[in-house]
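Q: Hey, got a minute to walk me through this one? I'm new to it.

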Amino acid sequence: MNPELDLEIQRIIRATPDAIWEAWTNPEQLAQWWLPAPMQCRVEQLDAVPGGALVTTMSTDGAEFVPHVNACFLVVAPRERLVFSNAIDSEWRPANPAPVRMTAEVVLRAHPEGTDYRVLVRHGSADDRATHEEVGFREGWGAVTEQLATLVEGRN
């Protein structure tokens, strides 16, 4: 981790890496936790293979959905690691998304209490990192991590 360029969320989730993997790679499950409540998410595309698409839309009222994420998976190591970037869109075209370009790495490691869950979000510049932090990285990614934990821990 480069503290000048990267932001991180890490916590122990009381569920297996398999359960968390399923929540990340099953469109119906991802839609349940991928946006901070009360926002709603639609998973338009989720193909968890290297080069596969991750496309989601969001809504505040459940009627009108607008773009949220249009990204490409770079690394997919089942039940261990997912890496995706919005700097490349779902059609493999260079992208310049708002508010920032980023590459997110999700790492799952077995832990005596469940799973050591880590998300590292890399940015291309200190300005992009600062912008992401200012627009609510910790609140947003923290909220969805909590929602993910609630979903998967409730299934144990």
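A: Sure. One term before we start: helices and strands here are DSSP runs, numbered from the N terminus. Also keep in mind that this is a predicted model.

Q: Okay, so what pattern does the chain follow along the sequence?
A: Reading along the sequence, you get β-α-α-β-β-β-β-β-β-α-α. That comes from 4 helices and 7 strands in the protein chain.

Q: And how compact is the protein chain?
A: As compact as a globular protein of that length, because its radius of gyration is 15 Å, close to the 15 Å that the globule rule gives for 156 residues. If you want a box, the C-alpha atoms fill one of roughly 40 × 40 × 30 Å along the principal axes.

Q: Cool. What order do the strands have in the sheet?
A: The order is S1-S7-S6-S5-S4-S3-S2, in an open sheet of 7 strands with antiparallel pairing. The edges are S1 (6-13) and S2 (40-46), each of which pairs on one side only. From one strand to the next, the twist averages 20 degrees.

Q: Where does H4 pack?
A: Helix H4, residues 137-153, packs on the sheet and touches S1, S5, S6 and S7 (114-122). Its direction makes about 20 degrees with that of S1.

Q: Back to the strands for a sec. How many bridges join S6 to S7?
A: There are 9 bridges, and the two strands run antiparallel. They form a hairpin with 2 residues between them. If you want to find the pairing in the viewer, look for His111, which stands opposite Gly114 in S7.

Q: What about S1 and S7, how many bridges there?
A: That pair has 8 bridges, also in the antiparallel sense. Ile13 stands opposite Thr115 in S7.

Q: And S5 with S6, how many bridges do they have?
A: S5 (residues 81-85) and S6 (residues 103-111) pair over 5 bridges, again antiparallel. One spot to check is Arg81, whose bridge partner in S6 is Val107.

Q: Where do side chains point in a strand, anyway?
A: In a regular strand, they alternate between the two faces of the sheet.

Q: Handy. Changing topic: how much space lies in the largest pocket?
A: About 550 Å³. The lining has 22 residues, and the closest to the pocket's centre are His68, Val69, Pro99, His132 and Trp141.

Q: Which element gives the most to that lining?
A: H4 does, with 4 residues. Strand S4 (66-77) and H4 each supply at least two residues of the lining.

Q: What's the lining like by class?
A: It has 16 nonpolar and 6 polar residues, with no charged ones.

Q: You listed Pro99 as one of the residues closest to the centre. Where is Pro99 in the chain?
A: Pro99 lies in the loop between S5 and S6. The peptide bond leading to it from Ala98 is cis, with omega near 0 degrees.

Q: Hm, what's the usual form of a peptide bond?
A: Most peptide bonds are trans, and most residues other than glycine have a negative phi. Another cis bond here runs from Ala37 to Pro38, with omega near 10 degrees. Pro38 sits in the loop between helix H2 (27-33) and S2.

Q: Since you mention phi, what about Arg79: positive or negative?
A: Positive, at about 65 degrees, although Arg79 is not a glycine. You'll find Arg79 in the loop between S4 and S5.

Q: Last topic: at what angle do H3 and H4 cross?
A: At roughly 65 degrees, and the axes of H3 (residues 126-134) and H4 come within 6 Å. From H3, the contact is made by Arg129, His132 and Glu133, and from H4 by Phe137, Arg138 and Trp141.

Q: How do the residues of that contact divide by class?
A: The contact of H3 with H4 has 2 nonpolar, 1 polar and 3 charged residues. Two of those names should ring a bell: His132 and Trp141 are also among the residues closest to the centre of the largest pocket.

How values were computed. Residues are numbered from 1 along each chain as its sequence is written. This is a predicted model: local features need pLDDT of at least 70, side-chain atom pairs count only at pLDDT 80 or more; totals for chains, interfaces and linings use all residues. Side-chain values use heavy atoms; hydrogens and water are left out. Two strands pair if DSSP finds at least two bridges between them. Axes are lines fitted to C-alpha atoms, for helices over the stretch in contact, and angles run from 0 to 180 degrees between N-to-C directions. Contact means heavy atoms within 4.5 Å. On a 1 Å grid over the protein atoms alone, a cavity is a set of points where a 1.4 Å probe fits but cannot get out, and a pocket is an open set with protein on both sides within 12 Å along at least five of seven lines; lining residues have an atom within 4 Å of a point. Grid points are joined across faces, edges and corners, and a volume is the space filled by probe spheres set on the points. Ala, Val, Leu, Ile, Met, Phe, Trp, Tyr, Cys and Pro count as nonpolar, Asp, Glu, Lys and Arg as charged, and the others, Gly among them, as polar. The radius of gyration is taken over C-alpha atoms; the globule rule is 2.2 Å times the number of residues to the power 0.38.
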